[in-house]
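What follows is a walk through one protein model, going from a single loop residue outward to the strands, the cysteines and the pocket. Keep the structure open while reading.

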Amino acid sequence: MKTYHFPIVVEIDEDGIYIVSCPMFKACHADGATIDEALDNLREVIEMCLEEQSSENLNQFIGVREMEITLPVSA
């Protein structure tokens, strides 16, 4: 058995649904009513991605950054 460690991005939408994604794979996203449910769903998606793609061909995760953007306030 081989153990992998993947970065996970966690967000919450306007309806309170948790959205999780793994930037190591293209289009690797899942959601759930709780973080745990979303992560369980993402685990299944990652396992499917690993079945279809070699672990040597994964995207290279660099990190997460924050960007500040200032917009004019509309009246």
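Start at Ala27, which counts as exposed because its relative accessibility is 65%. Ala27 sits in the loop that links S2 and S3. Its phi is near 55°, a positive value in a residue that is not glycine. Pro23 occupies the loop between S2 and S3 as well. With a relative accessibility of 33%, Pro23 counts as partly exposed. Between the C-alpha atoms of Pro23 and Tyr4 there are 14 Å, with 19 residues of separation along the chain.

The model is predicted, and its confidence values can be stated before going further. The mean pLDDT of the protein is 91, and 97% of the residues score at least 70. Among the elements, S3 has the highest mean pLDDT, 98, and helix H1 (residues 35–52) the lowest, 95. Where pLDDT is low, predicted coordinates should not be read in detail.

The strands come next. Strand S1 (residues 9–12) pairs with S2 in the antiparallel sense, over 4 bridges. The hairpin of S1 and S2 has 5 residues between the strands, and Gly16 in this hairpin takes a positive phi near 85°. Within this pairing, Glu11 has Ile19 of S2 as its bridge partner.

On its other pairing, strand S2 (residues 18–21) runs antiparallel to S3, joined by 4 bridges. Two of the contacts can be named: Tyr18 stands opposite Gly32 in S3, and Val20 has Ala30 of S3 as its bridge partner. Ile19 belongs to strand S2 and counts as partly exposed, since its relative accessibility is 28%. The C-alpha atoms of Ile19 and Asp31 are separated by 4.4 Å, although these positions lie 12 residues apart in chain distance.

In a regular strand, side chains alternate between the two faces of the sheet. Strand S3 (residues 29–32) shows this alternation: Ala30 and Gly32 point to one face and are buried, while His29 and Asp31 point to the other face and are not buried.

How many disulfides does a search of the whole structure find? The search finds 0. The sulfur of Cys22 has its closest cysteine sulfur in Cys28, and no bond is assigned because the separation is 4.9 Å, too far for one. For Cys49 the closest cysteine sulfur is again in Cys28, and that pair is not bonded because 4.2 Å is too far. A disulfide would need the two sulfur atoms within 2.5 Å. Cys22 counts as buried because its relative accessibility is 2%. Cys49 is also buried, because its relative accessible area is 16%, and the limit for that class is under 20%.

The last feature is the largest pocket. Rolling a probe the size of a water molecule over the atoms shows where empty space is left. The volume of the largest pocket is about 300 Å³. Which residues line the largest pocket? The lining is made up of Lys2, Tyr4, His5, Phe6, Ile8, Leu39, Leu42, Arg43, Ile46, Glu47 and Leu50. Sorted by class, that lining has 7 nonpolar, 3 charged and 1 polar residues.

Definitions and conventions:
Residues are numbered from 1 along each chain as its sequence is written. This is a predicted model: local features need pLDDT of at least 70, side-chain atom pairs count only at pLDDT 80 or more; totals for chains, interfaces and linings use all residues. Side-chain values use heavy atoms; hydrogens and water are left out. On a 1 Å grid over the protein atoms alone, a cavity is a set of points where a 1.4 Å probe fits but cannot get out, and a pocket is an open set with protein on both sides within 12 Å along at least five of seven lines; lining residues have an atom within 4 Å of a point. Grid points are joined across faces, edges and corners, and a volume is the space filled by probe spheres set on the points. Ala, Val, Leu, Ile, Met, Phe, Trp, Tyr, Cys and Pro count as nonpolar, Asp, Glu, Lys and Arg as charged, and the others, Gly among them, as polar. Buried means under 20% relative accessible area, exposed over 50%, partly exposed in between (1.4 Å probe, protein chains only). Two strands pair if DSSP finds at least two bridges between them. pLDDT is the predictor's confidence in each residue, from 0 to 100.
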